[in-house]
Amino acid sequence: MGTVSLEGIEFFAYHGTSEEEQKIGNKFSIDVTITTDFTEAARHDRLKGTVNYEVVYRVVAKVMQKSSRLLEHIAYNIIEEIRSAYPQVDTIEVSVSKFNPPVGGVCARSRITMKG
């Protein structure tokens with residue numbers, strides 16, 4: 001077993017619980033870690049048998065284009081889409097961060113993490 005990760009994928013998108021957030025948008029960061037057995041890919045130096053992180057990036061980009069209210073919903077959809085592309089993987093962990101969330105004070109990021 002091993003992990004394939006993409007860290008700090010950044011997007012400007014239109015997610016949030018308020019109408020203002022849905023209109024003006026914000027910067028988001030996504031981290032994805034996938035646990036899977038890639039022994040055969042490592043042994044034979046072949047992409048087949050592992051997770052192609054370009055595919056993972058495209059999945060994240062696609063999900064981020066659809067407006068959502070909750071970070072949890074974004075993470076859930078990313079997990080579901082990756083699982084659809086790679087049903088053989090063991091676990092998928094996704095963290096979604098929103099920069100400068102509207103909390104009424106100084107806060108660099110809000111972040112949720114979901115494992116599926």
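Reader: Why is Arg43 called exposed?
Author: Exposed means over 50% relative accessible area, buried under 20%, and partly exposed in between (1.4 Å probe, protein chains only). Arg43 has 55% relative accessibility, so Arg43 counts as exposed. This is a predicted model: local features need pLDDT of at least 70, side-chain atom pairs count only at pLDDT 80 or more, and totals for chains, interfaces and linings use all residues. Residues are numbered from 1 along each chain as its sequence is written, and side-chain values use heavy atoms, with hydrogens and water left out.

Reader: How do you know that Arg43 and Glu40 meet in a salt bridge?
Author: The term asks for a side-chain nitrogen of Lys or Arg within 4 Å of a carboxyl oxygen of Asp or Glu. For Arg43 and Glu40 the N to O value is 2.4 Å, so the pair fits the definition. Both residues lie in helix H2 (residues 39-44), 3 residues apart, which is about one turn of the helix. Glu40 has a relative accessible area of 44% and is partly exposed.

Reader: What makes H2 a helix and E1 a strand?
Author: Helices (H or I, at least four residues) and strands (E, at least two) are DSSP runs, numbered from the N terminus. H2 covers residues 39-44 and E1 covers 2-13, so each run satisfies its minimum. The protein has 4 helices and 4 strands in total, in the order β-α-β-α-α-α-β-β from the N terminus on.

Reader: How do you know that strands E3 and E4 pair?
Author: Pairing requires that DSSP find at least two bridges between two strands. Strand E3 (residues 91-99) and E4 are joined by 7 bridges and run antiparallel, so the requirement is met. Within this pair, Ser97 stands opposite Arg111 in E4.

Reader: What makes E1 and E4 edge strands?
Author: The open sheet has 4 strands in the order E1-E2-E3-E4, with antiparallel pairing. Strand E1 (2-13) and strand E4 (109-115) each have a single partner strand, so one side of each has no neighbour in the sheet. From one strand to the next the twist averages 15 degrees.

Reader: What crosses E1 and strand E2 (26-36), and at what angle to E1?
Author: Helix H3 (residues 53-65) lies across these two strands, at about 35 degrees to E1. Axes are lines fitted to C-alpha atoms, for helices over the stretch in contact, and angles run from 0 to 180 degrees between N-to-C directions. Helix H4 (residues 71-85) packs on the sheet and touches E2, E3 and E4, its direction making about 145 degrees with that of E3. Contact here means heavy atoms within 4.5 Å.

Reader: Why is Asp31 called buried?
Author: Its relative accessibility is 18%, so Asp31 counts as buried. The side chains of Asp31 and Arg111 meet in a salt bridge (3.3 Å, N to O). Arg111 lies in strand E4 and Asp31 in strand E2, so the pair ties together parts that are 80 residues apart in sequence. Arg111, at 49%, counts as partly exposed.

Reader: What makes Glu93 and Lys115 a salt bridge?
Author: Their closest N and O atoms are 4.0 Å apart, so the pair is accepted by the distance rule. Glu93 is in strand E3 and Lys115 in strand E4, so the bridge ties together parts that are 22 residues apart in sequence. Glu93 counts as partly exposed at 32%, and Lys115 as exposed at 58%. The whole structure holds 7 salt bridges.
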